[in-house]
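Keep the viewer open and follow the stops below in order. Each one says what to select and what is there.

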Amino acid sequence: MTTSGKVALDVDGLRMRYGAVDVLRDVTFQAHHGEVLALLGPNGAGKTTTIEILEGFRSRSDGRVEVLGSDPAHGGEAWRARLGIVLQSWRDHGKWRVREFLAHLGGYYAAYSTARITRPWDPDELIRAVGLTEHAAKKIRTLSGGQRRRLDVAIGLVGRPELLFLDEPTASFDPEARSEFHDLVRGLAGARETTVLLTTHDLDEAEKLADRILMLHGGRIIADGTPGELARRITGEDEVRWLRDGRRFTRRTADSTGFARDLFARYGARIQELEVHRASLEQTYLTLVRQAESTSGPATRDTTEATR
Ligand SMILES: Nc1ncnc2c1ncn2[C@@H]1O[C@H](COP(=O)(O)OP(=O)(O)OP(=O)(O)O)[C@@H](O)[C@H]1O
């Protein structure tokens, strides 16, 4: 095993070929400890293939991959105990009760405690963290879809992972559960320095949770950056909206602060309801996907807004 300092995931030139088709081509990125990365992309982009290679479930065709300092193709049990995996869904173990199942699974991790990390996570504490306390004694098959998903998350966390893979984690969560889950993930990444790689089609969730967005399209990384960086790369501009003398105005500008300053200097208190918007992750995502789909390349810029 080698150590990579603060780098938890190091992927360089990853290629995956099925038959004659490359489904991943030159995928290169890193993740640092405590970072939350969202892997986005249309259906078939290669997200699951990438994650399965990182988890050690799939052998790559080419490229260099290090996950917590080891090549996942040769990761042993001690390495695997440092990973947490929440798959899209599985429905086994319905006869077990929530608490007893987590305590049972946790038992497998006890041998992998370190001076820094006590494994497993105490089952009652974990059940509280995922909001299942009042369901702890229930049989798994009696849980609702959202409760079951919380349990999936608890299963991924029971070994106190240093790196957590979440595949569409909040599908079927109600808004409150989703918000609690976001707090939980931010807490894991912050205080515990857990690195998180999640896939989601919920762009609002990606924007809220991710420090960095990786966008895959056709097996290639087409964007890698913070939501703000990607938005500025696409539009280069913010949108400023305001109300003056009862009329609404909209303007796109690369210098929204300076523009707002000039507006107030000119009109003073006649300016009301001033808002500055950057492109949402959804707009950014759709623009990047459309760019990738057209072979011509240059960014299309929305020029429809102007001062009325
Ligand atoms: N075992 C396989 N054999 C051949 N092709 C495969 C295999 N597994 C996946 N693929 C192909 O690889 C490509 C990437 O699939 P992958 O499941 O990684 O996409 P994804 O981004 O996770 O999609 P989704 O959002 O639909 O889950 C797809 O074109 C898929 O058909």
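Begin by selecting residues 1-5, where pLDDT (the predictor's confidence in each residue, from 0 to 100) stays under 50. For these residues the model has 7 contacts beyond four places in sequence, a contact being two residues whose C-beta atoms, placed from the backbone, lie within 7 Å. Next select residues 296-308, where the pLDDT is also below 50; this stretch has 15 contacts beyond near neighbours in sequence. Where pLDDT is low, the predicted coordinates should not be read in detail.

This is a predicted model, in which local features need pLDDT of at least 70 and side-chain atom pairs count only at pLDDT 80 or more, while totals for chains, interfaces and linings use all residues. Residues are numbered from 1 along each chain as its sequence is written.

Now colour the protein chain by pLDDT: the mean is 87, and 92% of its residues reach 70 or more. Among the chain's elements, strand 4 (residues 62-67) has the highest mean, 97, and helix 8 the lowest, 79. Helices (H or I, at least four residues) and strands (E, at least two) are DSSP runs, numbered from the N terminus.

Stay with helix 8 (residues 227-235) and add helix 10 (residues 281-293). How do they pack? Their angle is about 55°, with the axes 9 Å apart. The contact is made by P227, L230, A231 and I234 of helix 8 and by L281, T284, T287 and L288 of helix 10.

Key. Axes fitted to C-alpha atoms, helices over the stretch in contact; angles between N-to-C directions.
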